[in-house]
Amino acid sequence: MGVHSLDHPVIIGNKARKNCSNLKEEPVEIADLKSRHPVHFAKATALRMLAIDAVQAANSGHPGLPMGMADVATVLFEKHLKFDASAPNWPDRDRFVLSAGHGSMLLYGLLHLTGYADMTIDQIANFRQKGAITAGHPEYGHATGIETTTGPLGAGLATAVGMAMAETSMTARHGKKIVDHHTYVIVGDGCLMEGISQEAIGLAGKQRLGKLIVLWDDNGITIDGKVSLSDITDQMARFEASGWSVYSCDGHDPDAVDKAIAQAKQSPLPSMIACKTHIGFGSPSKQDTSGAHGAPMGVDEIIKIRKIYGWPHKAFDVPKDILTDWRSIGARGQSERAEWEARKAALSGTKQAEFDRVIAGDAPKRLSAAIKAFKKNISETTPKVATRKSSEMVLEVINQVMPETIGGSADLTGSNLTLTDGLGVFNDENRKGRYVYYGIREHGMAAAMNGLALHGGCKSYGGTFMVFTDYARGAMRLSALMGIPTTYVMTHDSIGLGEDGPTHQPVEHLAMLRATPNMNVFRPADTVETAEAWELAMTSSSTPSVLALTRQGLPTVRTEHKTKNLTAQGAYVLADATGKRQVILMATGSEVEIALKARDILEAKGIGTRVVSMPCWELFEAQDESYRRRVLPAGPVRVAIEAGARFGWDRWLTGERGKHNKAAFVGMEGFGASAPINELYEMFGITAENTAAQAEALL
C-alpha cells in the first residue's frame, strides 16, 4: 500500500529507506546546497535568518525547526502551495498548517516574505512581544495566513484532517471548479508521539483523504535529547499501516523535496513525507542537538552562522532581490484566483449566494421559523423524552434546513442520537454524506470538528458521553481559544445514566467546562430548551457550544409556547411564587423537574417559591445587571439543584445579592455509584423532598 513508481521509486520502511534513490546517505550540506541551488539557498536563508534574529531579539523562542525546515517550506510555497498573499481568505486556497507550532517563526517568516499585508517586518522584529501578532505559538485570528492555533503538539495534524474532510465535502456539494485544493501540514517528532496523532492518521487513512499531505521534520531530536531516548517507532511503517502513502527525502535537497511532494500529490491516499533534516541547520555548535530547539542561538553563534550562510546583512534586513523573489512567490496564485473568481461568477446567483453564506458561517433565514414551529408543537404535545432524544428531534429539523451540517459520533451513535434520516454516511464512496463515524477517537474527533469549522463551509457537531470530555478536552479548549462555533453533543450527563457507574458518571465535568473562557455550556431541562440551545449553537459565530444531555426521560416543563428564545437569556423565571416570595430554587437540566416538585411542596405549606431554570450560565452572566436582578433579587433564600459538583454555584448562591447564611446546594459531593437511576437520586439526596427541607431550614 502507498508505493508509487515514478522517475524514482519510493521505498518504504526503515530497512529499505537506506536505498531510497532520493535520500542520500550523506544529506546535502550547506556548501553543496549553495553551489547547486544558489537562488533557492538565498531564499531559504532569508527565512532562516528572520527566525534566528527574531528569537534572539525576543530572547525567547524556537529557532531550530525554522532552520531545519526552511528548505522544505521554501519548496512548498514556491512550487506547490496554491495561495495569493493579497487575498489570504480566498476560499479555494491550499491550507498550510504548522502543527509543530513552537517553530512559529517559520510561519511568520513565510507570511512576511510572501507579502501578507499585516505581517510587517516590525511584527517580525517584535516576535513574542506585547501587542504583536507574532505570538509565541501561531494564534488563529491574530494574523491572516494562520489557519489554526497550534502549539499543543499533534493538534494541528488532527485539525488538518478536518480541513481535508471539509474540502472533499465542499467539492461534492459545490463542484470541483469551485473547491479543489490540498491541505499541507508540517509535523515534528513531538506531534507524532502524542496519542492524538494516531487518532488523526487512522481517521485520515480510513477516509482516504488524498489531498492531505504531511511533511515530517525528521530531525531525531526532542527537548530531552535524541528521539531514541524515548521512542523506537517506525513512523513510516505506522503511517503505511494506517492507510497512507509514505515517502522519504533529504529535507535539505530542494529537488528531492519537490519530487516527493509532486509524487504525494498524485496519490489517492493521504501522504506522509519523511524529510530528513538537521535541527539548527548551519549552527556550528548546536546543529543536531536539543540546544537548537528552544533557546536563542546567542550573539556569538549567530555571527558564526551568518558567516557559514554567507549572509552579511544586519538583523531583519532582507536584500531587495531576495525579497522580490519571495514576493513573486506570494503573487504566483493571483492568476489562478482570478480564474476561480470567473468560474464562481459563472454560477447562478442562487448558487453563489449559498456558497457565500456557508463560507461566511451564516445560518439560513428559515432556521428561526423552523425552530419556532418545532417549539410550538412540543409545548402543545408535551412529550416526556430524554434530552438526548430531544436533541435528535431538533436535529431532524436543523439538518433539513442547513445542508452544511456535518455530524458524527465517537462510536456512540445509538446513544448520542446524532444521526438523522437522510444525512448519508461521509466516506470515500460518498463525499456528499454528512455523518462521520469517527470511531473511538474523542480527541481526534473534536480536533477534526475544529478543522471542519475553520475550513469554512461546514457546520460541525459531534457526540460522545459527557464524561469523555476528558478525552476531547484539548481540542475543546482550542475551539474556545480560537473562537470557532464547534458544537459538542455530550450525552449521559450525570448519575442519571444509572448502572454504568462512577467511571461513566460525570460529576466535575460541568464545572470544568464552565471554567473554560468563551464556551457556552447548555444543560437544557426539556425539549423546548434543547431546541433553543441548538438554535443558539447553530447561529453562534465565535463561541463553541456544549450540550449536556440526559439519558433519562424528562417531562416538558415549557408548556406555554413563547416565540422568544428564553435560553438566550441564560436563566429565566420558569415558575414564580404565588404569594410572598421566600425561596428561589435554581436548577439546570434534569433537576429542573425536581425544583418544580419541591416548589409544589413548599407552596403547599404557604412558602412562596420561585423556580429559575439556568440552562446556560455564560449567557446569563452576559445579561445586564437589571435583568439578573429581576431573576435573582435580594432577600429570598436560595437553593441550587444540580446532579454535579457544587464548584461554581456560589456565583449564584452567595453572589448576585445572595448571602452565605441563606444558601444551600443539593447535588454531588463525591463520585457516583452503580445502581438504577431512581435509587441513585435517592442515595445522594437529589430529591424534591430534600430540596424543600433544605429551603425550609434556611428560613
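Arginine 628 has its place in helix α25, and that is a good spot to begin a tour of this predicted model. From there we can move to the salt bridges, of which the structure holds 37, then to the nonpolar cores, the largest of which has 137 residues. Two helices and two loop residues round off the visit.

**Around arginine 628**

- Arginine 628 is buried, with a relative accessible area of 11%.
- Its side chain is joined to that of glutamate 625 by a polar contact of 2.9 Å.
- Leaving aside residues up to four places away in sequence, arginine 628 touches Phe620, Glu621, Gln623, Glu656 and Arg657.
- A network of salt bridges links Glu621, Glu625, Arg628, Arg629, Arg651, Glu656 and Arg657.
- Within helix α25 (residues 625-631), arginine 629 and glutamate 625 are 4 residues apart, so about one helical turn separates them. Their side chains meet in a salt bridge, at 3.5 Å from N to O.
- Both ends of that bridge can be checked for exposure: arginine 629 counts as partly exposed at 41% relative accessibility, and glutamate 625 is partly exposed with a relative accessible area of 32%.

**Salt bridges elsewhere in the chain**

- Lysine 375 and glutamate 532 meet through their side chains in a salt bridge of 2.8 Å, N to O. Lysine 375 belongs to helix α16 (residues 366-381) and glutamate 532 to helix α22 (residues 527-539), so this pair ties together parts that are 157 residues apart in sequence.
- Are lysine 375 and glutamate 532 buried or exposed? Lysine 375 is buried, and so is glutamate 532.
- Lysine 344 and aspartate 356 form another salt bridge, and their closest N and O atoms are 3.0 Å apart. This pair links distant parts of the chain, 12 residues apart: lysine 344 sits in helix α14 (residues 334-345) and aspartate 356 in helix α15 (residues 349-360).
- Here the two partners can be told apart by accessibility: lysine 344 is buried, with a relative accessible area of 12%, whereas aspartate 356 is partly exposed, with a relative accessible area of 38%.

**Nonpolar cores**

- In soluble globular proteins, nonpolar side chains tend to be buried together.
- In the largest nonpolar core, with its 137 residues, Met165 and Ile273 are the residues with the most contacts inside it. Helix α3 (residues 38-58) supplies the largest share of this core, 11 residues.
- Apart from this core lies another, of 50 residues, and among them are Val639, Phe665, Ala692 and Ala695.
- What does methionine 165 touch, not counting residues up to four places away in sequence? The list is Leu203, Leu209, Phe426, Val436, Tyr438, Ala448 and Leu452.

**Helix α13**

- Helix α13 (residues 320-331) has 12 residues and reaches 16 Å from its first C-alpha to its last, close to the 16 Å expected at 1.5 Å a residue.
- Its buried residues are Ile322, Trp326, Ile329 and Gly330. They cover an arc of only 100° around the axis, and therefore lie on the same side of α13.
- The buried residues of α13 pack against α3, α4 (64-80) and α5 (104-114).
- On the face turned away from the buried side, α13 carries the exposed residues Lys320 and Asp321.

**Helix α23**

- Helix α23 (residues 591-604) has 14 residues, and its first and last C-alpha atoms span 20 Å, close to the 20 Å expected at 1.5 Å a residue.
- Among its buried residues are Val592, Ile594, Ala595, Ala598 and Leu602. The charged residues Glu591, Glu593, Arg599 and Glu603 are buried in α23 as well.
- After α23 comes glycine 606, whose phi is positive, near 80°.

**Positive phi away from glycine**

- Aspartate 411 is not a glycine, yet its phi is positive, at about 65°. Aspartate 411 lies in the loop between β9 (405-409) and α18 (413-416).
- Histidine 492 has a positive phi too, of about 60°, although it is not a glycine. The loop that holds histidine 492 runs between β12 (487-491) and α21 (509-514).
- With a relative accessible area of 5%, histidine 492 is buried.

How values were computed
Residues are numbered from 1 along each chain as its sequence is written. This is a predicted model: local features need pLDDT of at least 70, side-chain atom pairs count only at pLDDT 80 or more; totals for chains, interfaces and linings use all residues. Side-chain values use heavy atoms; hydrogens and water are left out. A nonpolar core is a set of buried Ala, Val, Leu, Ile, Met, Phe, Trp, Tyr and Cys residues joined through side-chain atoms within 4.5 Å. Buried means under 20% relative accessible area, exposed over 50%, partly exposed in between (1.4 Å probe, protein chains only). Helices (H or I, at least four residues) and strands (E, at least two) are DSSP runs, numbered from the N terminus. Contact means heavy atoms within 4.5 Å. A salt bridge is a side-chain nitrogen of Lys or Arg within 4 Å of a carboxyl oxygen of Asp or Glu. The expected span of a helix is 1.5 Å times one less than its number of residues. The arc is that of the directions from the helix axis to the C-beta atoms. A polar contact is a pair of N or O atoms within 3.5 Å; within protein, one must be able to donate a hydrogen and the other to accept it, and residues adjacent in sequence count only if both atoms are side-chain atoms.
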